[in-house]
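The exercises below are meant to be worked with the sequence and the coordinates open side by side. Try each task before reading the solution that follows.

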Amino acid sequence: MPLLPRKLRLSLKPSKQLLWLWLWREMRASRGREVGIDAGCGLMQNRMLFETRDYVGIDVDPARQAANQAEYPGVRAVCAEIEQAQEQAGLTGDVVLCVQVMHNRYFATERTVPTVRAMCDMLRPGGILIFNLGERNMPFEDEIDTLLAARFTKVKKRAYGALSARETYLSPILAAAMYLLPPLRLIGGARKVLYVCHGSKQPA
């Protein structure tokens, strides 16, 4: 694994750096697919991870989406809550990515399961869903597991969270160590979960 792979985001927080390492690897599966959807896209910093032909960013902030549209005139910017985006904009795609969204303090935790369900509904058959949860969302983990088991042919979960609050210039080295040695990811307990889901299916 290269020390600084192309398309790798950097963070001073080792736990977040580990997430960016995982996404650098997992988002290769978007290569050659048609539509990628970045749910809760913010300033579209994860746009570089998508290798789909088209990119759609969903965000609830109209000013931010106007800035994104000006910065990236070739992309589609949808201003909506994730749960409402499909109905409002008719969104369907092959890859949906949603990270650092549902566990932030501005996200109402009761929206957790409806948001995951809405992202499943956006996907075409055979699609990919990648998202993460934090401690605030953990009470819904079993319900989400049941939902995903019914909607995908393959679901991978990775618990992590060590050094979530610490900032250090050694972050890339510590993240690489956690990448290679899974027990290190859980020092202090699991605080986050990354889901990587392949092979979306229509609900029964």
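**Exercise 1.** Is Asp 54 buried, partly exposed or exposed?

*Solution.* Bear in mind from the start that this is a predicted model. The relative accessible area of Asp 54 is 31%, and since buried means under 20% and exposed means over 50%, Asp 54 counts as partly exposed. The next step is to look at its partner: the side chains of Asp 54 and Arg 53 meet in a salt bridge, with N to O at 3.2 Å. Arg 53, at 58% relative accessibility, counts as exposed.

**Exercise 2.** Place Lys 16 in the fold, and describe its surroundings.

*Solution.* Begin with the secondary structure, where Lys 16 is found in helix H1, which covers residues 14–26. Its relative accessibility is 26%, so Lys 16 counts as partly exposed. Once neighbours within four places in sequence are set aside, Lys 16 is in contact with Ser 11 and Gln 100. As a last step, compare its position with that of Asp 54: the two residues are 38 apart along the chain, and their C-alpha atoms are separated by 26 Å.

**Exercise 3.** Take the salt bridges of Arg 64 and of Arg 111, and work out what each one joins.

*Solution.* The structure holds 12 salt bridges, and two of them are followed here.

1. Arg 64 meets Asp 59 through their side chains, at 3.3 Å from N to O. Asp 59 is buried, with a relative accessible area of 7%, whereas Arg 64 is partly exposed at 32%.
2. Arg 111 forms a salt bridge with Glu 81, and their closest N and O atoms are 2.8 Å apart. Because Arg 111 lies in the loop between E4 and H4, while Glu 81 lies in the loop between strand E3 (76–79) and H3, the pair ties together parts that are 30 residues apart in sequence. Glu 81 itself counts as partly exposed, at 27% relative accessibility.

A further group to locate is the network of salt bridges that links Glu 26, Lys 156 and Arg 158.

**Exercise 4.** Which residues of the largest nonpolar core touch the most other members, and which helix gives the most to this core?

*Solution.* The largest nonpolar core has 32 residues, and those touching the most other members are Ile 58, Val 116, Met 119, Leu 129, Phe 131 and Leu 148. Among the elements that each supply at least two residues of this core are strand E2 (54–59), helix H4 (112–122), strand E5 (123–134) and helix H5 (141–151). H4 gives the most, with five residues. For H4 as a whole, eight of its 11 residues are buried, so that the helix is mostly covered; the buried ones include Val 113, Val 116, Met 119 and Met 122.

To see the packing around one member, select Ile 58: beyond four places in sequence, its contacts include Ile 37, Val 78, Ile 82, Leu 91 and Met 122. A second, separate core has 25 residues, including Trp 22, Phe 50, Tyr 160 and Tyr 179.

**Exercise 5.** Which residues make the nonpolar surface patch of about 340 Å²?

*Solution.* The patch is made by Leu 163, Leu 170, Ile 173 and Leu 174. Of these, Leu 174 has its place in helix H6, residues 171–180, and with 32% relative accessibility Leu 174 counts as partly exposed.

How values were computed
Residues numbered from 1 in each chain as written. Predicted model: local features only at pLDDT ≥ 70, side-chain atom pairs only at ≥ 80, totals over all residues. Heavy atoms only, no water. Core = buried A, V, L, I, M, F, W, Y, C linked by side-chain atoms within 4.5 Å. Buried < 20%, exposed > 50% of the residue type's maximum accessible area, 1.4 Å probe, protein only. Helix = DSSP H or I, 4+ residues; strand = E, 2+ residues; numbered from the N terminus. Contact = heavy atoms within 4.5 Å. Patch = residues over 30% accessible without salt bridge, like charges linked within 9 Å, V, L, I, M, F, W, Y side chains within 5 Å. Areas by Shrake-Rupley, 256 points an atom, 1.4 Å probe, with all protein chains shown as cover. Salt bridge = Lys/Arg side-chain N within 4 Å of Asp/Glu carboxyl O.
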